[in-house]
Amino acid sequence: MAHDIHHLDPAYLDFWRERHLCTLTTLRPDGTPHVVPVGATFDPETGTARVISSGVSRKVRNVLAAGEAGQRVALCQVDRARWATLEGRAVVRQDAASVADAERRYTERYRRPRENPERVVIEIAVDRALGRA
């Protein structure tokens, strides 16, 4: 079921605050999907989802390979019959302020991430929300 990104159901938003692992789907340069488990956060006020990662990871390289405009991606989480997918355009942020903000959000949802001097943030401008929470 599709949802208006600006008027998401409270149960759907609550589901994104619970501690669940997600999958992030990016596209490799050859167009094939690359799906990996990730921790992710979603800020419904700005419509932004974030995934912290090492700057050398395949998912980061996939997004970077798409160029300045970024790449369409899907972020999904499942818990039995509840599921939620956020779709949008992803870009990679490497500046210290963006990384620190994403780490703070990750810590709130999961736990403090391990130290990683090569950390970057995959930032997704969400324009479509699907699911049933």
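Good morning. Helices and strands here are DSSP runs, numbered from the N terminus, a helix having at least four residues and a strand at least two. With that convention, serine 57 can be placed in the loop between strand S5, residues 48-54, and helix H2, residues 58-65. Please keep in mind throughout that this is a predicted model.

Let me stay with serine 57 for a moment. Is this residue buried or exposed? Its relative accessibility is 14%, and because the limit for a buried residue is under 20%, serine 57 counts as buried. A polar atom of the serine 57 side chain lies 3.3 Å from the backbone nitrogen of valine 60.

I turn now to the charged side chains. How many salt bridges does the structure hold? The total is 15, and I shall present three of them.

The first one I have chosen joins glutamate 87 to arginine 128, with 3.7 Å between the closest N and O atoms. This pair links distant parts of the chain: glutamate 87 belongs to strand S7, residues 82-93, and arginine 128 to strand S8, residues 119-132, with their positions 41 residues apart. As for their surroundings, glutamate 87 is buried, at 18% relative accessible area, whereas arginine 128 is partly exposed, at 39%.

My next example is the salt bridge in which the side chains of glutamate 123 and arginine 93 meet, at 3.1 Å from N to O. Here too, distant parts of the chain are linked, since glutamate 123 sits in strand S8 and arginine 93 in strand S7, 30 residues apart. Glutamate 123 is buried, with a relative accessible area of 18%. Arginine 93, by contrast, has a relative accessible area of 34% and is partly exposed.

Which residues are linked with these two in a network of salt bridges? Besides Arg93 and Glu123, the network contains Asp43, Arg50, Asp101, Arg104, Arg105 and Glu108.

The last pair for today is arginine 112 and glutamate 115, whose side chains form a salt bridge at 3.5 Å, N to O. Arginine 112 is exposed, with a relative accessible area of 63%. Glutamate 115 counts as exposed as well, at 63% relative accessibility.

To close, let me set the pairs side by side. In the bridge between glutamate 87 and arginine 128, the glutamate is buried and the arginine partly exposed. For glutamate 123 and arginine 93, the glutamate is again buried and the arginine partly exposed. In the pair of arginine 112 and glutamate 115, the arginine is exposed, and so is the glutamate. Thank you for your attention.

Technical notes:
Residues numbered from 1 in each chain as written. Predicted model: local features only at pLDDT ≥ 70, side-chain atom pairs only at ≥ 80, totals over all residues. Heavy atoms only, no water. Salt bridge = Lys/Arg side-chain N within 4 Å of Asp/Glu carboxyl O. Buried < 20%, exposed > 50% of the residue type's maximum accessible area, 1.4 Å probe, protein only. Polar contact = N/O pair within 3.5 Å; in protein donor to acceptor, adjacent residues only side chain to side chain.
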